[in-house]
Amino acid sequence: MLYLKYEEFTKSVFKFIVKSGNYNKLKYIRLKIHKEIRQDDTHGMAYRCTVRIFLDQILFNKRDYSEYDIKGYIVFVVAHELSHLLQSIDIKRYHSEKKYRNFIEASADIVALEYIKEYYDILKENIGYFSLDVLMEPERNAREYLNKV
Ligand SMILES: [Zn+2]
């Protein structure tokens with residue numbers, strides 16, 4: 001029951017973001033929600049035209065969060081994965097150079113966070129309330145990393 005609620009929420013986040021902002025340039029994007037628990041930190045992936053969200057993994061890792069914090073985190077993961085599709089990523093370097101990979105990830109975080117802040121009111125109107133509190137830590141980390149490189 002609870003799971004279905006987050007699954008529906010994830011779908012509406014995806015739908016809304018794809019239709020708004022810069023993302024409407026990206027046609028034919030699909031969303032896949034995965035149920036397996038990976039026991040790692042992978043909450044999402046984006047490659048070619050598919051965004052994969054590991055919803056069970058998110059719900060497992062964030063099991064101590066409140067509903068609105070979990071929802072805020074889901075918005076962040078979906079926006080982060082979608083922003084990868086706007087980046088031009090050198091896949092070879094991504095998989096072989098840690099520094100390059102971290103730079104790509106931190107940049108995607110910032111694009112996602114700025115999108116969420118800019119669209120917060122309209123997002124809430126369309127997908128329901130979610131909290132921004134959980135985004136403070138990823139934002140601090142990403143900005144710290146980008147200031148270092
Ligand atoms: Zn990423």
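In this predicted model, the largest nonpolar core holds 32 residues, and Ile74, Val75, Val78, Ala79 and Ile116 touch the most other members. Helix H3 supplies the largest share of this core, with nine residues. The elements that give two or more residues are H1, E3, helix H2 (55-61), H3, helix H5 (98-118) and helix H6 (120-127). In soluble globular proteins, nonpolar side chains tend to be buried together.

Ile116 shows how the core is joined up. Leaving aside residues up to four places away in sequence, Ile116 touches Val75, Phe76, Ala79, Leu123 and Leu135.

**The sheet**

An open sheet is built from three strands in the order E1-E3-E2, with mixed pairing. Strand E1 (30-34) and strand E2 (44-47) are the edge strands, each pairing on one side only. From one strand to the next, the twist averages 15 degrees. Strands of a sheet pair through backbone hydrogen bonds, either parallel or antiparallel. This sheet has one pair in each sense: E1 and E3 run parallel and are joined by five bridges, while E2 pairs with strand E3 (residues 50-54) in the antiparallel sense over four bridges.

Some bridge partners in E3 are listed here.

| Residue | Bridge partner in E3 |
|---|---|
| Leu31 | Val51 |
| Met45 | Arg52 |
| Ala46 | Val51 |

Val51 thus appears twice, as the partner of Leu31 and of Ala46.

A hairpin links E2 and E3, with two residues between them. In its turn, Arg48 has a positive phi of about 50 degrees.

**Helices on the sheet**

Helix H1 (residues 2-19) lies across E1 and E3. H1 runs at about 160 degrees to E1. Helix H3 (residues 67-84) also packs on the sheet, where it touches E2 and E3. The direction of H3 makes about 20 degrees with that of E2.

How enclosed is H3 by the rest of the structure? It is largely enclosed, because 15 of its 18 residues are buried. From its first C-alpha to its last, H3 reaches 26 Å, close to the 26 Å expected at 1.5 Å a residue.

**Ala46 and the faces of E2**

Strand E2 has two faces. Gly44 and Ala46 make up the covered one. Met45 and Tyr47 make up the uncovered one.

Is Ala46 buried or exposed? Ala46 has 21 C-beta neighbours inside 10 Å, so it counts as buried; the cut-off is 20 or more. Beyond residues up to four places away in sequence, the contacts of Ala46 are Val51, Glu81, Leu82, His84 and Leu85. Val51 is also the bridge partner of Ala46 in E3.

Where does Ala46 stand relative to Glu114? These two residues are 68 apart along the chain, and their C-alpha atoms are separated by 19 Å.

Key: Residues numbered from 1 in each chain as written. Predicted model: local features only at pLDDT ≥ 70, side-chain atom pairs only at ≥ 80, totals over all residues. Pairing = 2+ DSSP bridges. Axes fitted to C-alpha atoms, helices over the stretch in contact; angles between N-to-C directions. Contact = placed C-beta atoms within 7 Å. Core = buried A, V, L, I, M, F, W, Y, C linked by C-beta atoms within 7 Å. Buried ≥ 20, exposed ≤ 12 C-beta atoms within 10 Å, placed from the backbone. Expected span 1.5 Å × (residues − 1).
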